[in-house]
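Here is a short report on a single chain. Look at the fold before reading on.

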Amino acid sequence: MADGAKKRYEVAVIGGGASGLFAAAMAADEAEKAGAPVNVTVYEGNARVGKKLLVTGNGRCNLTNEKMGEEYYRGAAALFETVYRQFDREAMLAFFEDAGLYTRSDFAGRVYPMSNQASSVLDALRNVCAERGVKEITSCKITSLKQHGAGFLLNDTFYADRAIIATGGKAAPVHGSDGGGYALLEPFGVMVTPLFPALTPLNVKDFTKALKGIRATGKITLKSAGKLLAEAAGEIQYTDYGLSGIPAMQVSRFAAQRLSVGGEVSAFVDSAPDIPAEELTQRLLTIRKNHPAMTAENLLAGFLPKRLGTVLIGFCSLSPAKEVGALHENALAKIVNAVKRTKYTVSSVRGFADAQVTAGGVAENEIDAATMELKKAKGLYVCGELVDVDGDCGGYNLQWAFSGGAVAGQSAVRSLAIR
Ligand SMILES: Cc1cc2nc3c(=O)[nH]c(=O)nc-3n(C[C@H](O)[C@H](O)[C@H](O)COP(=O)(O)OP(=O)(O)OC[C@H]3O[C@@H](n4cnc5c(N)ncnc54)[C@H](O)[C@@H]3O)c2cc1C
């Protein structure tokens with residue numbers, strides 16, 4: 001370096017997904033504000049950044065939620081809370097608004113871009129990164145990370161004074177997150193809690209194919225040995241292997257956890273969660289009285305999708321052609337039970353390929369919650385799904401990716417100024 005020339009620092013962000021791009025944008029902003037000479041570079045294994053972001057929220061990107069708090073998170077939920085307090089939803093939405101991206105919420109508090117297009121979130125992130133001078137190096141998978149003096153060497157080639165690992169977890173590897181980030185941590189002796197798929201459908205033992213393709217509102221109550229594990233309501237999707245849709249995905253983490261220790265897991269489906277069992281019984285009695293010639297297959301048609309009703313009647317070993325007037329009280333009780341409490345035995349959950357998120361990850365006690373820096377590797381930061389934090393469906397995982405990314409990016413640059 002020539003005399004008088006200021007050293008330029010290098011901050012490397014490994015992974016150009018939601019958390020990595022956010023970390024890079026915030027690192028560059030921090031450097032700009034401090035007038036510090038810092039180059040921020042994103043290294044992305046795919047040919048382009050943000051591939052997974054484009055498929056979030058069914059292509060609409062549910063980027064956060066109006067209801068936010070520790071209770072929507074699992075794993076190191078307390079870590080989420082500490083990090084979120086430093087960079088919350090309002091700060092995140094202000095960032096996007098400043099980038100020209102506006103949002104709106106739906107009835108459940110889920111926040112989407114006004115454009116209803118996930119691509120506009122990615123475009124906004126990339127524009128801010130470009131404006132702040134962040135460099136993208138794509139088709140560049142980082143497979144080795146070594147301590148090198150006070151900094152790090154990536155792939156034995158790229159030097160960085162600070163490195164942020166934002167490689168995601170193991171969920172949906174088709175989008176680039178193949179779990180390689182955990183291997184990068186190995187040389188630093190960082191503890192990773194057991195990993196398992198979350199927000200994924202449920203495989204059901206001996207599942208009847210007759211249900212395949214049905215979508216119906218319902219509530220899933222997950223139990224093991226009579227103990228409540230979790231419950232969630234919404235649109236259940238019946239597939240050829242079992243239960244999918246938001247309620248099934250919400251409870252899947254608890255099923256995976258219990259099954260992993262050899263427990264049995266049952267999913268009880270209430271197909272008419274808005275009608276108490278007694279009321280349903282009364283209504284069925286009224287139908288029987290007023291329409292005795294109605295066939296059993298039509299008995300539930302006023303409450304549920306007809307095909308679901310017919311299958312549930314079948315579960316009660318009743319012929320769909322049987323006249324309702326001939327149904328005894330105990331047959332009606334069986335039908336009410338089938339509607340309110342169909343039991344499915346969960347054999348397993350779908351794997352990482354079908355999962356939206358990874359449960360488990362870098363353990364909470366390895367991380368300085370104020371900065372996202374690893375306690376065992378000064379100058380090395382982590383964020384996003386790689387960390388042992390997973391949220392419910394509804395924008396919680398992206399909020400975590402953005403909050404953690406922001407804190408990691410800002411802290412990495414601040415540490416250059418103070419050390
Ligand atoms: C289908 C689907 C829908 C979803 N919808 C929502 C939603 O609407 N709302 C919500 O909150 N959450 C949603 N999620 C979850 C959310 O997308 C993730 O939790 C979030 O993207 C995690 O961000 P991340 O930056 O940690 O990881 P990722 O987004 O997975 O990004 C990691 C990036 O790092 C790259 N990479 C990995 N290893 C390396 C390496 N060794 N070298 C270089 N680059 C590497 C990957 O290619 C990838 O681009 C959804 C997930 C899926 C699969």
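How many bridges join β9 to β10? Three, and the two strands run antiparallel. This is a predicted model, and that applies to every value below.

**The chain overall**

The chain has 419 residues, of which 54% are buried. There are 11 helices and 23 strands. Along the principal axes, the C-alpha atoms fill a box of roughly 100 × 45 × 35 Å. Of the contacts with a separation of 6 or more, 76% are between residues 24 or more positions apart.

**The three-stranded sheet**

Strands β8, β9 and β10 form an open sheet, in that order, with antiparallel pairing. β8 (145-148) and β10 are the edge strands, each pairing on one side only. On average, neighbouring strands are turned by 30° against each other, direction ignored.

β8 and β9 are joined by four bridges. Gln 147 has Phe 152 of β9 as its bridge partner. His 148 is bridged to Gly 151 in β9. On the other side of the sheet order, Phe 152 has a bridge partner in β10, Ala 160. Phe 152 thus appears in two pairs, with Gln 147 and with Ala 160.

Both connections are hairpins. Two residues lie between the strands in the hairpin of β8 and β9. Three lie between them in the hairpin of β9 and β10.

**Residues with positive phi**

Several loop and hairpin residues take a positive phi. They are listed here with their locations.

| Residue | Phi | Location |
|---|---|---|
| Asn 116 | about 60° | loop between β6 (110-113) and α4 |
| Gly 149 | near 65° | hairpin of β8 and β9 |
| Asn 155 | near 50° | hairpin of β9 and β10 |
| Asp 156 | near 55° | loop between β9 (151-154) and β10 (158-160) |

Asn 116 is not a glycine, yet its phi is positive. Is Asn 116 buried or partly exposed? Asn 116 counts as partly exposed because its relative accessibility is 28%, and buried means under 20%. Asp 156 is likewise a residue other than glycine. Asp 156 has a relative accessible area of 48%, so it is partly exposed; the exposed class starts over 50%.

**Helix packing: α1 and α4**

The loop that holds Asn 116 leads from β6 to α4. Helix α4 (residues 118-131) packs on helix α1 (residues 18-34). The angle is about 35°, and the axes are 9 Å apart. The crossing is left-handed.

Which residues make the contact? From α1 come Leu 21, Phe 22, Ala 24 and Ala 25. From α4 come Leu 122, Leu 125, Val 128 and Cys 129. Eight residues of this contact are nonpolar, none is polar and none is charged. In soluble globular proteins, nonpolar side chains tend to be buried together.

**The nonpolar cores**

The largest nonpolar core has 84 residues. Phe 22 and Phe 96 have the most contacts inside it. Helix α11 (residues 396-418) gives the most to this core, with 11 residues. A second, separate core has 54 residues, including Ala 216, Ala 256, Leu 312 and Tyr 344.

What does Phe 96 touch, not counting residues up to four places away in sequence? Phe 96 touches Phe 22, Leu 63, Leu 101, Val 121, Ala 124, Leu 125 and Phe 402. Two of these partners, Phe 22 and Leu 125, also take part in the contact of α1 with α4.

Technical notes. Residues numbered from 1 in each chain as written. Predicted model: local features only at pLDDT ≥ 70, side-chain atom pairs only at ≥ 80, totals over all residues. Heavy atoms only, no water. Axes fitted to C-alpha atoms, helices over the stretch in contact; angles between N-to-C directions. Left-handed = near helix turned anticlockwise from the far one by under 90°. Contact = heavy atoms within 4.5 Å. Nonpolar A, V, L, I, M, F, W, Y, C, P; charged D, E, K, R; others polar. Core = buried A, V, L, I, M, F, W, Y, C linked by side-chain atoms within 4.5 Å. Buried < 20%, exposed > 50% of the residue type's maximum accessible area, 1.4 Å probe, protein only. Pairing = 2+ DSSP bridges.
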